[in-house]
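Student: Please take one helix of this model and follow it closely, residue by residue where that helps. After that, set it against the rest of the fold.

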Amino acid sequence: MTNSPIKQTPHLASSAAAPTDQQLRSPKSSRGLRKLQSAHQLSANYAALYTPSLISQQRQQQQRNTSSSHINQAPQIPPLPTFSSHHRTRSNSDAIISNPVTNTTATKKAAASKKVPPSHNPREELEGLVRQGPQGDVPSELSRLRHLVLCEGLYADSDGMSQIRIYIWLILLNAPAIGTDSYLELIRRGASPAYSKIRNDTFRTLATNPLFKRRVSEASLIRLLNAVAWKLHDAKIEKLAEPTMVNAANERGSPELQHASPVVKHAQGPPTTTATDGSEAGGTEPGIYVQGMNVLCAPFLYAARSEAEAFVAFHVFVTKECPGYVRGAMDGVHKGLALVDKCLAIVDPKLSSYLQSKHMKAELYAFASVLTMCACTPPLPEVLQLWDFLFAYGSHLNVLCICAQLVIMRETLLTSPSPTKLLRSFPPLQARLIIEITVSNLRKIPADIYEELVHHAE
């Protein structure tokens, strides 16, 4: 135990020269003695701190004996001393970064290209479909999108505004991508042949709706309708300019030449428009503007984030979904009115019989609702929610949505001696309730009637 620091301290102190009596009595010598004792104590503590203990000495001796007995083995290199109190594997933050800018850019690119797993939150899943596109099979992803719209709905504020609604509509309508320049070119062409008719209708479009008036200006409505009119006008000219194949015998009026080869007949002269600028022309030829298109266009402008987006969606809608509604004779609208009477007789025979007894056909009370897809009935946020459902599963279901509104009014209509007054204006829309009744009544529609529903607006 000669190495113990407790015994070394007095040993070191005794080895110093003993002071004399005068040195002990003087203050200077007392201070010197205390300094000397402190120096001895620090030296002893230092030696005790860095002198290995007995257990450490025994371990070192055992390691020397083991290494001398195994000369042929590779020597064990002890780890370098570390100042850390704990040991761990090196993390990414410990790695040496030679070029931080390059590595950060590569990390961002890898994160952007990484596929994000589908979220269980319906809102996040819908936003993911819009931003990243389908992650798998396109038909199954579209089916999933429709199911989310039906069951969960699109997130919107109290004014019906949603950041992704217009993009969901463009996806469901299968609208093509179009540049803003194409829309601007149509605007630069000036007034279309239907411009005067458009100006007569735009100022009264949803005139009593403060939400629409606050967000959409009449100038925007005029520009969009005029651009669509130009687009439909150009398509009409192209169709009339296409060569048609006719039989030579019929062309010459000779019955003996029934098997003659056909000849090409071109359209003679440019197409003409009526005094109403194509808005009320008869026949089955496609028009360029009909009364009511202004109300049909309003929800697109309200939901879209730009006029170009609204233009694309509205043009695809009137040319692909309901071209029969914008023809001069509006034959699609009249077919839809006849289907309202048929479907109401199927889903609610008692109510249908009562209205028929009062000579109340759908032509008298449902014309505006069929033509505008219920956009003429406030409130506007409920119209947008109803249109989400129509674009997801087909605009032909608007006929059943009108029947659903009549079913909601059923008790009031049956107890009223004059239902005509009640049906002059429909009550405020309740989109979720209308959708639930429509889906429930859809099972009652026979296959042949449903086939008429699908094709009535073509």
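Tutor: The answer below starts with the whole chain, then takes one helix in detail, and ends with other parts of the fold.

The model is predicted, so that local features are described only at pLDDT of at least 70 and side-chain atom pairs only at pLDDT 80 or more, while totals for chains, interfaces and linings use all residues. Residues are numbered from 1 along each chain as its sequence is written, and side-chain values use heavy atoms, with hydrogens and water left out.

The protein has 25 helices and two strands (DSSP runs of H or I with at least four residues, and of E with at least two, numbered from the N terminus). Of its 458 residues, 35% are buried (under 20% relative accessible area with a 1.4 Å probe and protein chains only, exposed being over 50% and partly exposed in between). Among contacts (heavy atoms within 4.5 Å) with a separation of 6 or more, 72% join residues 24 or more positions apart.

The helix to follow is α6, residues 122-132, whose buried residues are Glu-125, Leu-126 and Leu-129. These three lie on the same side of α6, because they cover an arc of only 100° around the axis (taken from the directions from the helix axis to the C-beta atoms). The buried residues of α6 pack against two other helices, α7 (138-151) and α8 (165-172). Both ends of α6 also have local detail: at its start, a side-chain oxygen of Asn-121 comes to within 3.2 Å of the backbone nitrogen of Arg-123, and just after the helix Gly-133 adopts a positive phi of about 80°.

Helix α21, residues 398-408, is mostly covered, with nine of its eleven residues buried; among them are Asn-398, Cys-401, Cys-403 and Gln-405. Gln-405 also belongs to the lining of the second largest cavity, together with Ile-408, Pro-427, Pro-428, Leu-429, Gln-430 and Ile-434 (a cavity being a set of points on a 1 Å grid over the protein atoms alone where a 1.4 Å probe fits but cannot get out, and lining residues having an atom within 4 Å of a point). This cavity holds about 50 Å³ of space, the space filled by probe spheres set on the points.

In α17 (residues 349-357) lies Leu-355, which is buried at a relative accessible area of 1%. Setting aside residues up to four places away in sequence, Leu-355 touches Leu-344, Met-360, Tyr-365, Pro-419 and Leu-423. Pro-419 is 64 residues from Leu-355 in sequence, yet their C-alpha atoms are 7.7 Å apart in space. Leu-422 belongs to helix α23, residues 419-422, and counts as partly exposed at 30% relative accessibility. With residues up to four places away again left out, Leu-422 touches Met-409, Thr-412, Leu-413 and Ser-416. The C-alpha atoms of Leu-422 and Tyr-365 are 9.6 Å apart, with their positions 57 residues apart along the chain.

Finally, the largest pocket (an open set of grid points with protein on both sides within 12 Å along at least five of seven lines) contains about 660 Å³ of space. It is lined by 35 residues, of which Val-295, Ala-368, Thr-372, Cys-376 and Thr-377 are the closest to its centre. Two or more lining residues come from each of α14 (293-303), α18 (362-365), α19 (367-371) and α20 (380-393), and α19 gives the most, with four.

Note on methods
Polar contact = N/O pair within 3.5 Å; in protein donor to acceptor, adjacent residues only side chain to side chain.
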